There are 2 protein chains.
Amino acid sequence: MKVDLRVYKTKEALRKALMILLKDKGLNSISVTELCRLANVNRGTFYAHYGQVENLFEEYFKSIMKDLGESYLEPYRHEQNLLSKNLNPSTIRIFHHIEHYQPFYRIVFSKTVPLSYYYLLFDHVQQLIRNDIREHYASGIDIDIAMLSAYQANAILGLAIEWHRQDFAQSAADMNRLLVRVLRV
Amino acid sequence: MKVDLRVYKTKEALRKALMILLKDKGLNSISVTELCRLANVNRGTFYAHYGQVENLFEEYFKSIMKDLGESYLEPYRHEQNLLSKNLNPSTIRIFHHIEHYQPFYRIVFSKTVPLSYYYLLFDHVQQLIRNDIREHYASGIDIDIAMLSAYQANAILGLAIEWHRQDFAQSAADMNRLLVRVLRV
DNA sequence: ACTTTTAGTGTACACTTGCTCATTAATTAT
DNA sequence: ATAATTAATGAGCAAGTGTACACTAAAAGT
């Protein structure tokens with residue numbers, strides 16, 4: 001099933017308009033009306049596709065999450081397990097990923113945005129960790145894997161939050177080294 | 001300076017109305033109009049005090065955060081350091097705190113709510129951890145304390161998120177025991 | 001090329017939002 | 001008790017929201 005060209009054009013126009021507006025205002029203060037005005041799309045058309053500005057952003061979000069999954073999952077497999085003590089910093093790509101999409105993550109970590117985006121990010125990282133645990137601790141360790149992976153995934157995101165709060169002052173490589181040292185405490 | 005009785009009454013009425021509405025709808029789908037209708041408060045009065053529904057909720061939030069700070073900070077001081085290997089589960093009160101205010105935390109952890117509430121919670125836990133680190137690791141360890149505390153605080157919140165996701169199936173005591181085991185992995 | 005399908009448009013309506021301001025009324029200070 | 005203060009009200013306004021529906025036009029299938 002091919003995508004209707006009209007739909008494609010409409011969505012592109014809206015996405016581009018959103019990116020422009022996001023440069024100087026928060027997601028929640030962008031009205032449907034001004035977005036459509038800028039995108040030259042009828043307001044009714046917007047509602048047919050999205051319903052609210054957040055949903056449009058979410059679509060973009062998911063494409064970026066896909067990048068995190070595809071580009072960064074593979075390297076893990078060929079390296080030491082993710083959270084062991086003899087962790088190789090270069091295997092952890094999440095900070096590089098965030099650095100690469102920095103303008104985007106400034107939005108994701110901004111206070112006014114709904115918690116759902118954080119959860120989408122959390123889910124992805126948790127999944128990466130979960131795979132890692134499954135591979136390296138074999139079948140059964142005596143702890144709930146959902147809980148263990150939630151703990152470790154969110155710990156890393158804690159560093160990302162603090163990184164954001166410090167306005168991304170450190171480089172991604174710095175953050176990797178920092179993670180390794182934190183794991184040794 | 002005494003609080004004007006009229007102000008007190010208005011805020012009370014609004015807080016109660018909000019609690020009622022929150023029982024069967026999300027924070028973001030509560031309109032100012034319906035809130036004021038239920039509270040018998042003029043819409044203009046609401047805007048004079050809060051500006052948006054979120055700010056009203058935030059006021060309530062902060063009173064609960066105060067409880068987390070006051071009731072749970074003290075016990076830490078007389079126990080082993082918080083995140084050492086010989087941690088006593090009973091010293092960690094955060095899960096009990098969440099359990100106690102469970103209906104409230106169902107809102108805080110719900111997807112549609114702004115990230116700011118999560119940050120308020122994060123800040124408090126980070127502060128607890130930070131104090132703990134300062135006391136037990138003395139003056140200088142070779143790592144950025146902001147980062148280390150962010151890591152550890154958010155790790156614990158990761159467990160809370162997963163707990164919420166599993167609909168608080170475990171008891172707070174279970175969560176404490178789980179934390180101890182996670183720390184030993 | 002022609003028909004069918006379906007996305008997008010324009011308009012309309014009832015409602016909410018955020019804000020302002022003169023008026024009313026409750027509370028505080030004397 | 002009375003005056004001074006200030007919070008709350010009600011009304012009004014321009015703008016945005018969410019939804020509906022007949023229409024127009026672009027794209028897909030043949």
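How many residues of chain B are in contact with chain A, and how many residues of chain A do they touch? Here are the close-ups, beginning with that one. This is a predicted model, where local features need pLDDT of at least 70, side-chain atom pairs count only at pLDDT 80 or more, and totals for chains, interfaces and linings use all residues. Residues are numbered from 1 along each chain as its sequence is written, chains are lettered from A and ligands numbered from 1 in the order in which they are written, and side-chain values use heavy atoms, with hydrogens and water left out.

**View 1. Chain B against chain A.** The answer is 43 residues of chain B in contact with 43 residues of chain A (contact means heavy atoms within 4.5 Å). Together the two chains bury about 3500 Å², with 67% of that on carbon and sulfur atoms (buried area is the accessible area, taken with a 1.4 Å probe, that two parts lose on being put together, summed over both). On the chain B side, look for B:Leu115, B:Met147 and B:Tyr151: they supply 21% of the area that chain B buries against chain A, more than any other three residues.

**View 2. The protein around DNA strand C.** DNA strand C is surrounded by 22 residues, and the closest are A:Thr10, A:Asn42, A:Thr45, A:His49 and B:Thr33 (a residue is near a strand if one of its heavy atoms lies within 4 Å of it). Of the strand C atoms that come within 4 Å of the protein, 68% belong to sugar and phosphate. This surface has six nonpolar, eight polar and eight charged residues (Ala, Val, Leu, Ile, Met, Phe, Trp, Tyr, Cys and Pro count as nonpolar, Asp, Glu, Lys and Arg as charged, and the others, Gly among them, as polar).

**View 3. Polar contacts to DNA strand C.** Polar contacts here are pairs of N or O atoms within 3.5 Å. A:Thr10 puts a polar side-chain atom 2.2 Å from a phosphate oxygen of strand C, while B:Val32 has a polar backbone atom 3.2 Å from a phosphate oxygen. B:Arg43 goes for a base instead: an N or O atom in its side chain is 3.2 Å from a base oxygen.

**View 4. The protein around DNA strand D.** Strand D also has 22 residues around it, with B:Arg6, B:Thr10, B:Asn42, B:Thr45 and B:His49 the closest. Sugar and phosphate make up 66% of the strand D atoms that come within 4 Å of the protein. Phosphate oxygens of strand D lie 2.3 Å from a polar side-chain atom of B:Thr10, 2.7 Å from a backbone N or O atom of B:Asn42, and 2.7 Å from a side-chain N or O atom of B:Thr45.

**View 5. The largest pocket.** A:Thr112, A:Val113, A:Pro114, B:Thr112 and B:Pro114 lie nearest the centre of this pocket, out of 40 lining residues (on a 1 Å grid over the protein atoms alone, a pocket is an open set of points where a 1.4 Å probe fits, with protein on both sides within 12 Å along at least five of seven lines; lining residues have an atom within 4 Å of a point). The lining divides into 18 nonpolar, 12 polar and 10 charged residues.

Key: A polar contact is a pair of N or O atoms within 3.5 Å; within protein, one must be able to donate a hydrogen and the other to accept it, and residues adjacent in sequence count only if both atoms are side-chain atoms.
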